[in-house]
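Please read the following account alongside the sequence and the coordinates. It proceeds from single positions to the chain as a whole.

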Amino acid sequence: MLEKVKPTAMGLDGLPDWFIRLSAPAFAEPLTYLFNLSLDQSVVPHQWKSSSITPLPKVRHPDTCNDYRPISITPVVSRIMEKELVRSLIYPVFNHPDYNHFFSDQFAFRPTGSTTSALIYLLHKLTYLLQEHEYVHIIALDFSKAFDSVRHCSLVSKLSNFPVPDCLHNWIVDYLNTRQHLTKVGRDRSGFLTTNASIIQGSGLGPVSYIFSASDLHPVYPLNILFKYADDTYLLVPAVSSGSIPEELKNISQWATDNNLKLNTAKSREMIVCLPKVSTLNKPYLATGLTRVQQLTVLGVTISDTLSAAAHVHDLATKAAASLYALKTLKAHGLQGQPLWDVTQATLVAQLTYASPAWSGFLNSEENSKLQSVLNKATRYKLLTPNCKTIDELFNSADTNLFTAVTSNPDHVLYQLLPPVNWLLSAQKNSWFYFTTSTKLFTAK
């Protein structure tokens, strides 16, 4: 574990990542002893309870504190132990048969979870509802500084409702107790202040902590669907349940208040999605105080109220133009061959294929050609190899990889969306077959 520590910022303990990797043979045994002793006694070294915060500007000319993003940094050694505790003792709780329903609507900070999975879940549920309902409301909810507001006492209380080992529960209690942080700006440092809220950003335990904090947020009515990606929360309401929206928002707002959060209705958005053939319908009056929009950006993908991919393709083309300019600049400064191709794959191609299994099926031929023209241009500029994959091949590869990952892992977050599987035993060949109802074909498994 020490040898595999990635380059990262150094905490207040003064131990840099390169030193930990270099000295791993010497430190592995004593640190193993300290890790086990810390967990067994449920005591966290006080050096691990201090964080440094570096404010980074979010805008070009920051004027107020809100124009800065606080970057929290914790000790590297503490993060190593926290991540191992999460992998070994907390991740199994998410797949526990008696408790997995608390986390089935959360797609962040858990194994196999991703923005791609969250978008697929959204579009799957949305199109399923549109088969039976004239339109569906999508409400994007915004919580103000959700990660910074979670009370430690509330988090520990919720954690006790799940089958977490007692030693780990008590370790987390001590981990959250008397934590302190300071702010660093250049060479200047503030004094330490004690905090009794936030999930401890920059830690290995913090992101998973928010999952437990939000595990009891669910819709009031069973027809409505609520799903989350970290603190990004989305509510789907079919046409027949439009009248339930005020009560759903009241429930979410009350949950936020009870958990020391605040639902920011000014930044929350509502969009009514319908099929193109009924796009002229008389949309219901919005009496919830939300802003109604025709396009909604969900986890980096633009979704329109008719499920058209045109707006998202336009955004991709705009970003691609900027990436092409930057890549040509790198080439002009001497970057050539494989290194240049690798940079193009990591930037331009990654932009075009981000979360593609969720939205590539909504493309028409014109939009598909527009994306292919970007790759053609990159090939002409020699930013990619002449035999690079086409946009269709990239999409198909991403689809295949994801589908293989889902079907081969019952614990995958998207496994719940698969249709029921019918297994038939062939008496003659004594082998199992999988019957795919959509194609009426038997495929050997």
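In which loop does P386 lie? In this predicted model, P386 belongs to the loop between α13 (365-380) and α14 (391-407). The relative accessible area of P386 is 76%, so the residue is classed as exposed, the cut-off for that class being over 50%. A comparison of sequence and space may be made here with I252. P386 and I252 are separated by 134 residues in sequence, and their C-alpha atoms are 53 Å apart.

A second exposed position is provided by a helix. A332 is placed in helix α10, which comprises residues 310-332. With a relative accessible area of 67%, A332 is exposed. Its partner for a distance comparison is V208: A332 and V208 are 124 residues apart in sequence, with 44 Å between their C-alpha atoms.

The surface also carries patches of distinct chemical character. What is the character of the patch formed by K58, R69, K145 and K267? These four residues form a positive surface patch. One of them, K267, is located in the loop between α9 (245-258) and β9 (269-274). K267 has a relative accessible area of 57% and is therefore exposed, since exposure requires a value over 50%.

A nonpolar patch may be considered next. Y33, L34 and L37 together make a nonpolar surface patch of about 300 Å². Y33 is part of helix α2, which covers residues 24-41. Why does Y33 count as exposed? The relative accessibility of Y33 is 55%, and because the exposed class begins over 50%, Y33 falls within that class.

These positions can now be set within the whole chain. The protein chain contains 14 helices and 15 strands. Along its principal axes, the C-alpha trace spans about 70 × 60 × 60 Å. How does the radius of gyration of the protein chain stand against that of a compact globule? For 445 residues, a compact globule would have a radius of gyration near 22 Å; the value for the protein chain is 25 Å, which agrees with that expectation.

Burial completes the description. Of the 445 residues in the protein chain, 42% are buried, a class that requires a relative accessible area under 20%. P386, by contrast, is exposed at 76%, as are A332 at 67%, K267 at 57% and Y33 at 55%.

How values were computed: Residues are numbered from 1 along each chain as its sequence is written. This is a predicted model: local features need pLDDT of at least 70, side-chain atom pairs count only at pLDDT 80 or more; totals for chains, interfaces and linings use all residues. Side-chain values use heavy atoms; hydrogens and water are left out. Patches are made of residues with over 30% relative accessible area and no salt bridge: like charges are joined within 9 Å, nonpolar side chains (Val, Leu, Ile, Met, Phe, Trp, Tyr) within 5 Å. Accessible areas come from the Shrake-Rupley method with a 1.4 Å probe; for residues, only the protein chains shown count as cover. A salt bridge is a side-chain nitrogen of Lys or Arg within 4 Å of a carboxyl oxygen of Asp or Glu. Lys and Arg count as positive and Asp and Glu as negative; His and the chain ends are not counted. The place of a charge is taken as NZ of Lys, CZ of Arg, CG of Asp or CD of Glu. Helices (H or I, at least four residues) and strands (E, at least two) are DSSP runs, numbered from the N terminus. Buried means under 20% relative accessible area, exposed over 50%, partly exposed in between (1.4 Å probe, protein chains only). The radius of gyration is taken over C-alpha atoms; the globule rule is 2.2 Å times the number of residues to the power 0.38.
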